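Here's a quick briefing to read with the model open. Have a look at the structure first, then work through the notes.

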Amino acid sequence: MVDLNGDYRYNILAAAAMLLQCQLAGVACGHSRRKYKIDYPDMGCGRYASKLSDKEWVEFNSAIRVHQNYVEQLPIAVGGVLLGGLYFPRFSAALGAVYVVGRFLYAQGYTKFGPKGRMAGAITANLSAIANLVTSFVGVYFAFKNGN
């Protein structure tokens, strides 16, 4: 049984931080929509966005892409930190914290420097998410091996 008062609470904190960070990326999208007057359902390639200058179009689409990419990756990251934490709570929570830092670097790099600026954050976040998935499988392997 998971002890929610023990080390696993850090995994819950890491997962909550990921969810909050994704929500904040969504808020940034809303800010970009208001700034550039891009109404729904335009996601950056429709009629409203076609009226933007090239620079504005890149800025708007970079903000949208940061959020979309986070939404795409969120189930893997949250699932990994929660599942890996069942077996290795401190290590998995630390990987979750690294993921949050990586996503911050990703967002800052992408919005300031365009697609090439996202690489450091993408590598950091993706490696930590993959490591958490591996941690999950290693934990399950040892649970089966030990009959737990």
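Glu59 is found in helix α2 of this predicted model. With a relative accessibility of 27%, Glu59 counts as partly exposed, because the buried class stops under 20% and the exposed class starts over 50%. Helix α2 covers residues 54–84, and the bullets below work outwards from there.

**Glu59 and its surroundings**

- Setting aside neighbours within four places in sequence, Glu59 is in contact with Lys35 and Tyr36.
- Arg9 is another matter: its C-alpha atom and that of Glu59 are separated by 37 Å, with the two positions 50 residues apart along the chain.
- Tyr36, one of the Glu59 contacts, also turns up in a core of seven residues, where Cys29, Ala49 and Phe60 are among the other members.

**The chain as a whole**

- The secondary structure adds up to four helices and zero strands, so you can read the order from the N terminus simply as α-α-α-α.
- The C-alpha trace spans about 60 × 25 × 20 Å along its principal axes.
- There are 148 residues in the chain, and buried ones make up 39% of them.
- Take the contacts between residues at least 6 apart in sequence: 68% of these join residues at least 24 apart.

**α1 against α2**

- These two helices pack with their axes 9 Å apart, at an angle of about 165°.
- That angle is over 145°, so α1 and α2 are roughly antiparallel to each other.
- The crossing of α1 and α2 is left-handed.
- By class, the residues in this contact divide into 21 nonpolar, five polar and four charged.

**α1 against α3**

- Helix α1 (residues 8–36) and helix α3 (residues 89–113) have axes that come within 8 Å and cross at roughly 15°.
- With the angle under 35°, α1 and α3 are therefore roughly parallel to each other.
- This crossing is left-handed too: α1 and α3, like α1 and α2.
- On the α1 side, the contact is made by Tyr8, Tyr10, Asn11, Ala14, Ala17, Met18 and Gln21.
- On the α3 side, it is made by Pro89, Ser92, Ala93, Gly96, Tyr99, Val100, Arg103 and Phe104.
- Sorted by class, that contact has ten nonpolar residues, four polar and one charged.

**α3 against α4**

- The axes of α3 and α4 come within 7 Å and cross at roughly 155°.
- An angle over 145° is what makes α3 and α4 roughly antiparallel to each other.
- α3 passes α4 in a left-handed crossing.
- Among the α3 residues making this contact are Phe91, Ser92, Leu95, Gly96, Tyr99 and Arg103.
- From α4, the contact includes Gly121, Ala122, Ala125, Ser128, Ala129 and Asn132.
- The tally by class is ten nonpolar, eight polar and one charged.

**The largest nonpolar core**

- This core has 13 residues, and Met18, Tyr70, Leu74, Val78, Val81 and Tyr99 touch the most other members.
- Which elements give two or more residues to it? They are α1, α2, α3 and α4 (119–145).
- α2 gives the most to this core, with five residues.
- Val78 touches Ala15, Met18 and Leu19, not counting residues up to four places away in sequence.
- Met18 and Tyr99 do double duty: they are on the list of residues touching the most core members, and they also help make the contact between α1 and α3.

**Two buried polar residues**

- Is Ser62 buried or exposed? At 4% relative accessibility, Ser62 counts as buried, because the cut-off is under 20%.
- Ser62 lies in helix α2.
- Leaving aside neighbours within four places in sequence, Ser62 is in contact with Tyr110, Thr111 and Gly114.
- Asn132 lies in helix α4 and is buried, with a relative accessible area of 2%.
- What does Asn132 touch, not counting residues up to four places away in sequence? The list is Gly80, Val81, Gly84, Ser92, Leu95 and Gly96.
- The C-alpha atoms of Asn132 and Leu95 are separated by 6.6 Å, although the two residues are 37 apart along the chain.

Terms used: Residues are numbered from 1 along each chain as its sequence is written. This is a predicted model: local features need pLDDT of at least 70, side-chain atom pairs count only at pLDDT 80 or more; totals for chains, interfaces and linings use all residues. Side-chain values use heavy atoms; hydrogens and water are left out. Axes are lines fitted to C-alpha atoms, for helices over the stretch in contact, and angles run from 0 to 180 degrees between N-to-C directions. Angles under 35 degrees count as roughly parallel, over 145 as roughly antiparallel, 65 to 115 as roughly perpendicular and the rest as oblique. A crossing is left-handed if the near helix is turned anticlockwise from the far one by less than a right angle, and right-handed if clockwise. Contact means heavy atoms within 4.5 Å. Ala, Val, Leu, Ile, Met, Phe, Trp, Tyr, Cys and Pro count as nonpolar, Asp, Glu, Lys and Arg as charged, and the others, Gly among them, as polar. A nonpolar core is a set of buried Ala, Val, Leu, Ile, Met, Phe, Trp, Tyr and Cys residues joined through side-chain atoms within 4.5 Å. Buried means under 20% relative accessible area, exposed over 50%, partly exposed in between (1.4 Å probe, protein chains only).
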